[in-house]
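Student: I would like to go through this structure slowly and ask, for each label, what justifies it. Could we begin once the structure is on the screen?

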Amino acid sequence: MKGEQKRVKPQLTIMFEHQKALDDRIIKKHQLEGRDLIENKLVALLVEIGELANTTRCFKHWSLKPAAPKEEILEEFVDGIHFFISLAIDFGITPGHFVVQEEYIESDLTASFYKLYEYITNIGLIDLESELIAAFSLFIGIGEKHLGFTWEEIVKAYFEKNEVNHHRQDNGY
């Protein structure tokens with residue numbers, strides 16, 4: 001692809017390991033062994049992206065209310081990261097293949113969300129791996145370019161939310 005730049009994000013291997021541990025725990029706890037959870041995870045990812053878009057308020061041209069605080073937006077963002085990584089694991093995509101490709105990043109936040117929905121609803125239609133990577137690339141671009149998060153902030157927030165998710169499993173969530 002023209003002008004394509006690919007880069008593997010540091011800490012993804014550790015994030016994959018933590019996500020796998022959480023997913024395995026949830027599957028065992030809820031007796032979901034052998035069940036295909038792909039559609040559940042895709043719908044959950046779409047919902048999380050909707051929640052993220054809602055906290056940014058980028059599409060709400062009819063409202064003067066500002067975006068949520070950055071910390072709240074970051075928390076919604078990492079909820080999406082959890083489902084992207086979970087899907088990658090389910091599809092057999094390794095962290096080394098889960099790269100960010102710069103050409104997927106849109107110049108406008110609302111257009112980026114719209115394109116992201118399109119990418120996710122098309123996962124599995126042509127080439128599962130490249131479709132998920134394109135969606136992930138765009139999602140990371142939204143976080144870094146549009147929302148101003150550093151990769152270090154994203155990683156830190158991911159691990160914090162992963163701990164919260166384990167705590168929820170401990171307490172009957």
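Student: Which residues does lysine 41 touch, not counting residues up to four places away in sequence?

Tutor: In this model, which is predicted, lysine 41 touches Asp23, Phe83, Ser86, Leu87 and Asp90 once those sequence neighbours are set aside. Lysine 41 itself lies in helix α2.

Student: Why is lysine 41 called buried?

Tutor: The relative accessible area of lysine 41 is 9%, and buried means under 20%, so lysine 41 counts as buried.

Student: What makes the approach of lysine 41 to aspartate 90 a polar contact?

Tutor: The side chains of lysine 41 and aspartate 90 are joined at 2.7 Å, and the cut-off for such a pair of N or O atoms is within 3.5 Å, so the distance satisfies the definition of a polar contact.

Student: How do you know how helix α2 runs relative to helix α4?

Tutor: The axes of α2 (residues 38-56) and α4 (residues 109-121) come within 11 Å and cross at roughly 175 degrees. Because angles over 145 degrees count as roughly antiparallel, α2 is described as roughly antiparallel to α4.

Student: What is the contact of α2 with α4 made of, by class?

Tutor: The contact has 11 nonpolar, three polar and no charged residues. Among those that meet are Leu42, Leu45 and Ile49 in α2, with Phe113, Leu116 and Ile120 among their counterparts in α4.

Student: Why is the pair of phenylalanine 77 and phenylalanine 139 called stacked?

Tutor: The ring centres of phenylalanine 77 and phenylalanine 139 are 4.2 Å apart, with the planes at 0 degrees; centres within 6.5 Å make a pair and planes under 30 degrees apart count as stacked, so both conditions are met. The pair links distant parts of the chain, with phenylalanine 77 in helix α3 (residues 70-90) and phenylalanine 139 in helix α5 (residues 128-146), 62 residues apart.

Student: Are phenylalanine 77 and phenylalanine 139 buried or exposed?

Tutor: Phenylalanine 77 has 0% relative accessibility and phenylalanine 139 has a relative accessible area of 1%, so by the under 20% criterion each counts as buried.

Student: What makes the pair of tyrosine 158 and phenylalanine 159 edge-to-face?

Tutor: Their planes are 75 degrees apart, with 5.4 Å centre to centre, and planes over 60 degrees apart count as edge-to-face. Tyrosine 158 is buried at 0%, whereas phenylalanine 159, with a relative accessible area of 21%, is partly exposed.

Key
Residues are numbered from 1 along each chain as its sequence is written. This is a predicted model: local features need pLDDT of at least 70, side-chain atom pairs count only at pLDDT 80 or more; totals for chains, interfaces and linings use all residues. Side-chain values use heavy atoms; hydrogens and water are left out. Axes are lines fitted to C-alpha atoms, for helices over the stretch in contact, and angles run from 0 to 180 degrees between N-to-C directions. Helices (H or I, at least four residues) and strands (E, at least two) are DSSP runs, numbered from the N terminus. Angles under 35 degrees count as roughly parallel, over 145 as roughly antiparallel, 65 to 115 as roughly perpendicular and the rest as oblique. Contact means heavy atoms within 4.5 Å. Ala, Val, Leu, Ile, Met, Phe, Trp, Tyr, Cys and Pro count as nonpolar, Asp, Glu, Lys and Arg as charged, and the others, Gly among them, as polar. Buried means under 20% relative accessible area, exposed over 50%, partly exposed in between (1.4 Å probe, protein chains only). A polar contact is a pair of N or O atoms within 3.5 Å; within protein, one must be able to donate a hydrogen and the other to accept it, and residues adjacent in sequence count only if both atoms are side-chain atoms. Rings of Phe, Tyr and Trp (its six-membered ring) pair if their centres lie within 6.5 Å; planes under 30 degrees apart count as stacked, over 60 as edge-to-face and the rest as tilted.
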